[in-house]
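Biologist: Before we discuss the empty spaces and the ligand, could you bring up the model, so that each term can be set against its definition?

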Amino acid sequence: MIRLDARIPAGPLERQWDRHRFEMKLVNPANRRRYQIIVVGSGLGGGAAAATLGELGYNVKCFCFQDSPRRAHSIAAQGGINAAKNYQNDGDSVYRLFYDTIKGGDFRAREANVYRLAQVSLNIIDQCVAQGVPFAREYGGLLANRSFGGAQVSRTFYARGQTGQQLLLGAYQALERQVAAGTVTMYPRTEMLDLVVIDGRARGIVTRDLVTGKIESHAADAVVLGTGGYGNVFYLSTNAKGSNATAIWRAYKRGAAFANPCFTQIHPTCIPVSGEYQSKLTLMSESLRNDGRVWVPKAKGDKRPPNEIPDAERDYYLERKYPSFGNLAPRDIASRGAKEVCDEGRGVGESGLGVYLDFADAILRLGENTIRERYGNLFEMYERITDENPYKVPMRIYPAVHYTMGGLWVDYNLMSTIPGLHVIGEANFSDHGANRLGASALMQGLADGYFILPTTIGDYIGSSRPEKIDVTHPAFREAEAAVEQQTKRLLDIDGKRTVDSFHRELGRLLWDHCGMARNDSGLRAAIAKIPEIREEFWLNVNVPGSDAELNQALEKAGRVADFLELAELMCVDALHRTESCGGHFREESQTLDGEALRKDAEFAYVAAWEYAGEGRAPVLNKEPLVFDNVTVSQRSYE
Ligand SMILES: Cc1cc2nc3c(=O)[nH]c(=O)nc-3n(C[C@H](O)[C@H](O)[C@H](O)COP(=O)(O)OP(=O)(O)OC[C@H]3O[C@@H](n4cnc5c(N)ncnc54)[C@H](O)[C@@H]3O)c2cc1C
C-alpha cells in the first residue's frame with residue numbers, strides 16, 4: 001500500500017499557504033542553476049511552470065508533442081478564467097470562490113488546496129495583465145467580468161471567446177524569453193514515453209522524436225508533468241485530437257497513484273453529434289448561458305420548427321427546476337437535465353439528442369450588436385459547422401465529454417506518490433472534486449504553473465538535494481529498451497483494423513456505461529468487454545509505416561493502447577463508488593428529484609489507485625477528506 005500524506009499545513013485555512021511558504025526550504029539563487037528540471041507539457045500549466053522555473057534560474061527542459069508550445073490544447077479555451085477580485089462589488093471574496101468550488105465539486109476536493117487556489121486567483125489576473133493579455137474591459141477601462149455556472153457573482157475574466165489563446169500567448173512569450181536567455185531548452189514534437197525512477201525517485205524521462213523517430217533519455221533532479229486531461233479516452237470529446245493520457249498513465253505504471261479516474265466532466269453546451277464518421281465534438285462556451293435560454297418543447301415528439309412553438313408550449317427546464325441559478329446551473333446538473341428531457345422523447349434535431357439554446361429574448365432586450373460583440377466568434381463558429389444562423393434560430397446543443405477531474409494524485413506540494421514527480425494542471429486530480437466549475441481550469445493551471453509549483457519544487461530540491469545522475473544509468477537503458485520494444489511490437493502486428501476503429505469502439509462502450517449515467521450492471525459489462533477489445537487490438541491492429549519517420553498512426557497506436565488500459569481503471573473506480581457525486585452519477589444513488597445522492601459516511605475520500613502489475617487488480621488507497629471550514633450538505637441550486 002502507498003502511504004498517502006497530503007501534507008496539509010497546520011493552522012487556520014487562510015494562513016496555511018503563507019505559513020507553508022515560510023516553512024518550506026528555499027534553494028539559494030546561485031545554486032538553482034546546478035539543478036535540472038524537466039517539464040513535460042507547454043500548455044497553461046507546463047508553459048507557466050517552465051517559464052517561471054527558468055526565470056528563477058533553474059535549468060529547464062520543456063517538452064511538447066506539438067510543433068510549437070503555442071499549440072497546446074489550452075489554446076482552445078474560450079470562455080474565461082475565474083478570480084475573486086470582486087471588481088463588480090457583487091459580494092465576491094476569496095472565501096466565496098473557495099466555497100463555490102468546494103460545493104461545485106460536490107464536496108469531494110481537499111479544502112486546503114481549494115482555498116489556496118482561490119487566494120492565488122488574485123495574483124493570476126495581475127500577472128496576466130502585466131504580460132499584456134488583452135482581457136475585455138468596461139467602458140471606463142476596468143476589466144470586465146461575466147458569470148459562469150455554479151456562481152451567483154460575476155467573477156469570470158475573459159478575452160472574447162479566446163481566453164485560453166490569449167493566456168497561452170502570455171505564457172508562451174514568458175517561455176520564449178527564457179529560451180532566449182538559455183535557461184529553458186524547448187523540445188517540440190517530442191513525446192514522453194516513459195518515466196525513469198531510480199531509488200524510488202523520479203530522475204528522468206524517455207522520449208521519442210516524432211519527426212525522426214529517435215528514442216532518447218533525459219535525466220533531471222525533478223520531473224513535472226503538465227500533460228493535460230484524458231477526455232479523449234471517450235474518442236468523441238471537445239478536447240484537441242492530440243490530447244492523451246500516455247505521460248500520466250506510464251507514470252502510474254511506474255508507481256504514481258491515480259486518483260478518482262472516473263470523475264469526468266460532461267459539458268452541457270456542445271454541438272450535437274451529427275454522424276458516424278465524426279471524430280471530434282465542438283464546445284459552445286458556457287459563457288453563452290449568460291444570455292441564452294435553454295428549452296425543449298413541452299410535448300413529446302413535437303417536431304415543429306422552434307420559432308413556431310409558442311412560449312407557453314416550451315419548457316425552460318433549467319429555469320423551472322433551479323430558479324436561483326436558472327440557465328447557470330453547474331455543468332453536471334445542466335447536462336443531466338438535457339439527458340433527462342431527451343430520454344423523455346422531448347429532444348430536438350434529427351437525432352432527438354439536442355436541446356435549444358435560444359438568444360431571441362437577449363437579442364430583443366440588448367440588440368443583435370451587443371450579442372455579436374459578446375459572442376460573435378462563437379456564433380460564427382456555430383454557423384460554419386451547422387449551417388444555421390443562431391441570430392435567427394436557436395442553437396442546438398447536447399452534452400459532450402469535456403474535462404477530467406481525475407488524474408495523478410498529488411499532495412499539497414503538487415508532488416505525486418513518486419518523490420520528485422510533480423503534476424500540475426488538468427493532469428493532476430485537480431482541486432475540482434467531482435465536478436469542475438466553468439472557468440476554473442485555466443485558473444488552476446496557471447495557479448499551479450506560475451505560483452505554486454515553482455515554490456514547492458524548491459522545497460523538494462532543497463530538502464532532498466538529489467545526487468547527480470546521468471543517462472548512462474542502467475535504469476535509462478531499461479526504459480529505452482521497453483519503449484523500443486513496444487514501438488516494434490505495434491508495427492509488427494500488421495493486422496486488419498485501424499487504430500481509430502478500436503478507439504471508436506472503446507469510446508462508445510465508455511460513453512454508454514461510464515458516461516453521463518452509470519450503473520452496476522453496465523459497469524460490469526464494460527469491465528468484461530474492455531480486456532477483449534485490448535486483446536484484439538494487440539493481435540489485429542494495423543499500424544502502417546515505419547518508426548524512423550513522422551508516423552501519426554504509430555503515435556495514435558501508443559496512445560490508444562494506454563486508453564485501453566485506463567478505461568478499465570475508470571470503470572473499476574466508478575463501480576466501487578456506489579454513491580453519486582458531481583459528474584459521477586450512479587443511477588442507484590439519487591434523490592427523489594433525480595439529483596446526485598452522496599454517501600458521505602462511506603465515500604468522503606479520494607480514491608487513489610495503485611498499479612499492482614500486469615494482470616493484477618489495482619490497489620485502492622484512500623485519502624479521507626475532512627471538512628472543517630464548510631458545512632457539508634446536499635447540493636442545491638434551486
Ligand atoms: C474546448 C474547450 C474549451 C475550454 N474552455 C475553458 C475555459 O473557458 N475556461 C477554463 O477554465 N477551462 C476551459 N477548458 C479547460 C482547459 O482548457 C484545460 O483544462 C486546460 O487548458 C488544460 O491545460 P494544461 O496545461 O493542463 O494542459 P494542455 O493545455 O492540454 O497541455 C498539455 C501539454 O502537454 C503536452 N503533452 C501531453 N502529453 C505529452 C507527452 N507524452 N509528451 C510530451 N508532451 C506531452 C502537450 O504537447 C501540451 O503541450 C476548456 C477545454 C476545452 C476542451
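Biologist: How many nonpolar, polar and charged residues does the lining of the largest cavity have?

Modeller: This is a predicted model, and in it the lining of the largest cavity has 5 nonpolar, 4 polar and 5 charged residues.

Biologist: Why is the space of about 140 Å³ called a cavity?

Modeller: The largest cavity holds about 140 Å³ of space, and the name applies because a 1.4 Å probe fits at its points but cannot get out. Of the 14 residues that line the largest cavity, E191, L193, T487, L554 and G558 are the closest to its centre, and β6, α7, α13 and α16 each give two or more residues to that lining.

Biologist: What makes the contact between F65 and the ligand a polar one?

Modeller: A backbone N or O atom of F65 lies 3.0 Å from an oxygen atom of the ligand, and the limit for such a pair is 3.5 Å, so the contact counts as polar. A polar backbone atom of Q78 is 3.3 Å from a nitrogen atom of the ligand, and one of G80 is 2.8 Å from a ligand nitrogen atom, so these distances also fall within 3.5 Å.

Biologist: How do you know that the protein buries the ligand?

Modeller: Taken alone the ligand exposes 1,000 Å², and the protein buries 97% of that. Of the 37 residues around the ligand, Q66, S74, G79, M192 and E426 come nearest, while β6 gives the most to this shell, with 3 residues.

Notes: Residues are numbered from 1 along each chain as its sequence is written. This is a predicted model: local features need pLDDT of at least 70, side-chain atom pairs count only at pLDDT 80 or more; totals for chains, interfaces and linings use all residues. Side-chain values use heavy atoms; hydrogens and water are left out. On a 1 Å grid over the protein atoms alone, a cavity is a set of points where a 1.4 Å probe fits but cannot get out, and a pocket is an open set with protein on both sides within 12 Å along at least five of seven lines; lining residues have an atom within 4 Å of a point. Grid points are joined across faces, edges and corners, and a volume is the space filled by probe spheres set on the points. Helices (H or I, at least four residues) and strands (E, at least two) are DSSP runs, numbered from the N terminus. Ala, Val, Leu, Ile, Met, Phe, Trp, Tyr, Cys and Pro count as nonpolar, Asp, Glu, Lys and Arg as charged, and the others, Gly among them, as polar. A residue is near a molecule or strand if one of its heavy atoms lies within 4 Å of it. A polar contact is a pair of N or O atoms within 3.5 Å; within protein, one must be able to donate a hydrogen and the other to accept it, and residues adjacent in sequence count only if both atoms are side-chain atoms. Accessible areas come from the Shrake-Rupley method with a 1.4 Å probe; for residues, only the protein chains shown count as cover.
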